[in-house]
Amino acid sequence: MSALVVDDADDSAVASRWAVETHGLTKRFGDNVAVGGVELLVPRGCAFGYLGPNGAGKTTLIRVLLGLTHADAGTMSLLGYAVPKHRDVALARVGAIVDEPRFHGHLTGRQNLQILAAAREPAARERIGPALERVGMAHRADDRVAKYSMGMRQRLGVAACLLGDPQLLILDEPMNGLDPAGMHEMRDMILSLVAEGRTVVLSSHLLDEVERTCDAVAIVDQGRIIRQGPILELLAGASLDLQVECSQPDQARALIERTNIGAQVEVGPTGLDLTLPAGTAREVIAEINRVLVESGIRVYRLQPIQASLESWFLQVTSRLGDTQ
Ligand SMILES: Nc1ncnc2c1ncn2[C@@H]1O[C@H](COP(=O)(O)OP(=O)(O)O)[C@@H](O)[C@H]1O
Ligand SMILES: [Mg+2]
């Protein structure tokens with residue numbers, strides 16, 4: 001799918017459905033490919049997770065998108081504006097936190113925002129109060145940043161992003177260094193930004209947080225995207241685990257292995273653990289039940305287990321490992 005990428009910076013012409021679109025984006029450090037031929041498509045109006053282990057190239061990709069470092073190859077656009085050609089127009093609509101948000105510790109939160117607003121359009125000054133309210137920092141706005149916790153700094157970072165009323169927020173590991181309560185607040189904040197129609201791209205190495213926060217995800221390893229798409233669609237491509245609590249598990253196993261269901265069967269303490277191939281229909285579960293019951297095995301419980309993003313991620317990466 002290719003989208004319209006605006007080549008003249010006419011606002012009304014921006015029709016791209018992608019908030020971020022890259023093709024063949026590549027960044028090397030010597031022989032080290034930090035970003036390798038990345039084809040990233042981030043739909044507008046969603047929370048999108050760029051998920052991968054430390055060193056996968058997440059921060060580097062974000063730095064390339066923002067023009068903080070140059071790409072060696074490839075093209076990219078933000079909100080339909082080709083960059084670097086229209087970087088200034090694009091970045092006026094983008095808010096970003098790269099690595100950790102950096103502030104002057106001896107100044108208050110509000111004073112830090114005043115400095116940042118002074119570098120933007122006049123309306124940015126008016127947004128300071130509402131932005132502080134928005135991130136739940138109004139009551140601490142006049143304390144020095146040096147006294148802030150990591151979670152408060154992250155929230156002030158989001159407030160700084162909001163000064164530009166951005167359509168796109170790019171947050172590099174926004175959950176880093178936060179305690180569980182801080183993560184919860186950050187997640188709610190991201191979801192509320194998306195509910196307002198903004199797009200939030202976040203990078204993370206925390207599978208769990210991405211699964212809870214994001215609608216869509218790109219999984220990245222060693223600079224390359226392994227898979228991307230809506231989380232629900234990706235999970236639909238995962239194998240299905242089925243727990244079967246029954247009598248005579250060894251006999252049950254033999255019966256199932258004789259069918260053409262293609263299940264991997266293990267005998268567990270209370271029965272069988274089955275792994276069914278991706279795309280297995282619900283009817284197959286009923287069929288397993290029939291086969292067992294008709295052979296005189298007593299079935300107490302049949303329970304499909306929804307694959308989590310984590311088990312799916314492990315499946316994808318282990319498959320990769322097989323082919324290398
Ligand atoms: N400025 C740099 N100079 C040389 N190598 C770098 C630089 N920045 C990042 N790298 C390398 O690029 C790879 C990706 O790093 P990074 O983008 O920071 O990953 P992530 O953010 O996913 O942890 C790593 O191997 C890292 O060592
Ligand atoms: Mg990083």
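These legends go with a handful of close-up views of a predicted model.

**Figure 1. Two domains in one chain.**
Let's start with how the chain is divided. The domain assignment puts residues 11–230 in domain 1 and residues 239–306 in domain 2. Between the C-alpha centres of domain 1 and domain 2 there are 45 Å.

**Figure 2. An open sheet of 4 strands.**
Reading across this sheet, the order is 13-14-12-15, with antiparallel pairing. Who sits at the edges? Strand 13 (264–267) and strand 15 do; each has a single partner strand, so one side of each goes without a neighbour in the sheet. On average, neighbouring strands here are turned by 20° against each other, if you ignore direction.

**Figure 3. Strand 12 and the strands it pairs with, strand 14 and strand 15.**
Here we zoom in on strand 12, which covers residues 240–246. With strand 14 (residues 271–276), strand 12 makes an antiparallel pair over 6 bridges. Look for V244, whose bridge partner in strand 14 is L272. Strand 12 also runs antiparallel to strand 15 (residues 299–305), and 6 bridges join these two. In that pairing, Q243 has Q303 of strand 15 standing opposite.

**Figure 4. Helix 11 lying across the strands.**
Which strands does helix 11 lie across? Helix 11, residues 282–294, lies across strand 12, strand 14 and strand 15. Relative to strand 15, helix 11 runs at about 160°.

**Figure 5. The largest pocket, holding about 640 Å³ of space.**
A total of 22 residues line this pocket, and the ones nearest its centre are A96, I97, L116, R120 and A160. Strand 7 (94–97), helix 3 (109–118) and helix 6 each put at least two residues into the lining. Which element gives the most? That's strand 7, with 4 residues. Sorted by character, the lining of the largest pocket comes out as 15 nonpolar, 4 polar and 3 charged residues.

**Figure 6. The second largest pocket, with about 270 Å³ of space.**
Of the 16 residues lining this one, A238, L240, T280, P304 and Q306 come closest to its centre. At least two lining residues apiece come from helix 9 (231–236), helix 11 and strand 15. Helix 11 thus turns up again here, having been seen lying across strand 12, strand 14 and strand 15. How does this lining divide? The second largest pocket has 11 nonpolar, 4 polar and 1 charged residue in its lining.

**Figure 7. The largest cavity, with a volume of about 30 Å³.**
How many cavities of 30 Å³ or more does the structure hold? The count is 1. Its lining is made up of G151, Q154, R155, L178, G182, E185 and M186. Two elements give two or more residues to that lining: helix 6 (150–162) and helix 7 (180–195). You've met helix 6 already, as it also supplies at least two residues to the lining of the largest pocket. By character, the residues around the cavity divide into 2 nonpolar, 3 polar and 2 charged.

Notes: Residues numbered from 1 in each chain as written. Chains lettered and ligands numbered in written order. Predicted model: local features only at pLDDT ≥ 70, side-chain atom pairs only at ≥ 80, totals over all residues. Heavy atoms only, no water. Domains from an automatic or database assignment. 1 Å grid on protein atoms, 1.4 Å probe; cavity = no way out; pocket = protein on both sides within 12 Å on 5 of 7 lines; lining within 4 Å. Points joined across faces, edges and corners; volume = space filled by probe spheres on them. Nonpolar A, V, L, I, M, F, W, Y, C, P; charged D, E, K, R; others polar. Pairing = 2+ DSSP bridges. Axes fitted to C-alpha atoms, helices over the stretch in contact; angles between N-to-C directions. Contact = heavy atoms within 4.5 Å.
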